[in-house]
Amino acid sequence: MIATVDFTDTIGKTKRQARVKMIEEIRKGALANLPVGASVAAYGSVLGMLAAQKGITWLQLLAMNLSVFAGSAQFVMVEMWLPPLPILEMTLAVLVINMRYMLIGASLEPLFKGKSLLHKAGIIHLVADENWAVTMAAYRSRGATTGFLLGGGLCLCTIWSMGTLLGHRLGALVTHPERFALDFAFVAVFTALTVSMWRGTRDIAPWVTAAILAVAAEHWLPGKWYIVIGGIGGALVPVVPAPSFKKKRPASASESKTGEPLAKENP
Amino acid sequence: MNSLSPTDLSVALAIAGAALATYGLRLGGLLLAEYLPRNGGFRRFMEALPGTILLSLIAPGIFSAGLLGGAAALTTALCAWKTRNLLLAMVLGMGVVAAGRWLA
């Protein structure tokens, strides 16, 4: 009897500990995303101003924030917002620009390993570029959990909504947002995030390829295809075997080096 | 009756379409990842992808922004690399653009 009581007590304790750990991870994730949140608020306010000019109500904007929750796609939507709304074109544009989320989702698979479908379906909605990048960086250096990811998502969704709504309300007051370089906020934050993804000299060839492909695709192709073309094209570079490169060091050494970040198990 | 106008319906459809497309990609990527190969070329591809996608997102913008945009992006990148402080890097980059425009 005593053993049974001890056993259930242990289960209860484990569950309680897991919950406490989850809340602690959410808190950590939210805090880790606060610095990037400041820039999210900055370009969110720019989106709010643009939305107000297009006659989008703050309620529609809030619905967009909560249901779409993807900055660059929302910028494209607002850009295309001209009645009668081109619903099909808009959906297709969002599909193309957010195609990276499929790859982002796939890259998070080791983090979600062993979690229930409900857990995955719930948390994956709040994955944006920023909290994904912050979580991946944390995961690579010291390990992170889905709670950390969720905390960042909750933090950013709140900041994103507040920033866009503030921009929407103040839209009339700031007549020249470009004077404060607010239009550069998006490029600035993504530049900083890109730097945090640098893995050393082995990234030179993929990154140069990605940049050239993206600039060329943006110039020659309509819409937002350049993100997918540059991203996939650049990432294909390390897949192509390079004979001169293999002679310099054993294949096994480069393999283990490449495999290091994702090989780490979820703590 | 204004709240049920065709305009509102199209707004609802536009937002719903974007939301469903985005959520489908997010969850689809996560669920499909389990069926994707986990080593060799595909793995190298997946590991290089985060950086190349982020770079592709900004490269055309920086390229078309001219000298000022390039200088600001370089400032942002250097600051982010040296300090690992995203906010400071962003404020510095925006400061370069704002100052450049103010001087022009």
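**Entry 1. Elements of chain B.** I followed chain B from its N terminus and read the order of elements as α-α-α-α. The count for this chain is four helices and zero strands. I note that the model is predicted. I then looked up burial and found that 43% of the 104 residues in chain B are buried.

**Entry 2. The side of chain B that touches chain A.** I asked how many residues of chain B are in contact with chain A. The contacts join 60 residues of chain B to 78 residues of chain A. Next I looked up which elements give two or more residues to this side of chain B; they are helix 1 (6–32), helix 2 (40–64), helix 3 (66–83) and helix 4 (86–103). Helix 2 of chain B supplies the largest share, 22 residues. I also sorted the residues of this side of chain B by character, which gave 40 nonpolar, 14 polar and six charged.

**Entry 3. Helix 4 of chain B.** I checked the length of this helix against expectation. Its 18 residues should span 26 Å at 1.5 Å a residue, and the end C-alpha atoms are indeed 26 Å apart, so the two values agree.

I then listed the buried residues of helix 4 of chain B: B:L86, B:A89, B:M90, B:G93, B:M94, B:V96 and B:V97. These residues cover an arc of only 145° around the axis, and therefore lie on the same side of helix 4 of chain B. On the face turned away from that buried side I found the exposed residues B:W102 and B:L103.

Against what do the buried residues of helix 4 of chain B pack? I recorded three partners: helix 2 (34–53) and helix 10 (185–196) of chain A, together with helix 3 of chain B.

**Entry 4. Residue A:I227.** I located A:I227 in helix 12 of chain A, residues 225–236. Is A:I227 buried or exposed? I entered A:I227 as buried, because 28 other C-beta atoms lie within 10 Å, where the cut-off for a buried residue is 20 or more.

I looked up the contacts of A:I227, leaving aside neighbours within four places in sequence. In chain A, the contacts of A:I227 are A:I97 and A:R100. In chain B, A:I227 is in contact with B:I53, B:S56 and B:L57. I lastly took the distance from A:I227 to A:A211: the two are 16 residues apart in sequence, and their C-alpha atoms are 9.7 Å apart in space.

Key
Residues are numbered from 1 along each chain as its sequence is written. Chains are lettered from A and ligands numbered from 1 in the order in which they are written. This is a predicted model: local features need pLDDT of at least 70, side-chain atom pairs count only at pLDDT 80 or more; totals for chains, interfaces and linings use all residues. A residue is buried if 20 or more other C-beta atoms lie within 10 Å of its own, exposed if 12 or fewer, and partly exposed in between; C-beta atoms are placed from the backbone. Two residues are in contact if their C-beta atoms, placed from the backbone, lie within 7 Å. Ala, Val, Leu, Ile, Met, Phe, Trp, Tyr, Cys and Pro count as nonpolar, Asp, Glu, Lys and Arg as charged, and the others, Gly among them, as polar. The expected span of a helix is 1.5 Å times one less than its number of residues. The arc is that of the directions from the helix axis to the C-beta atoms.
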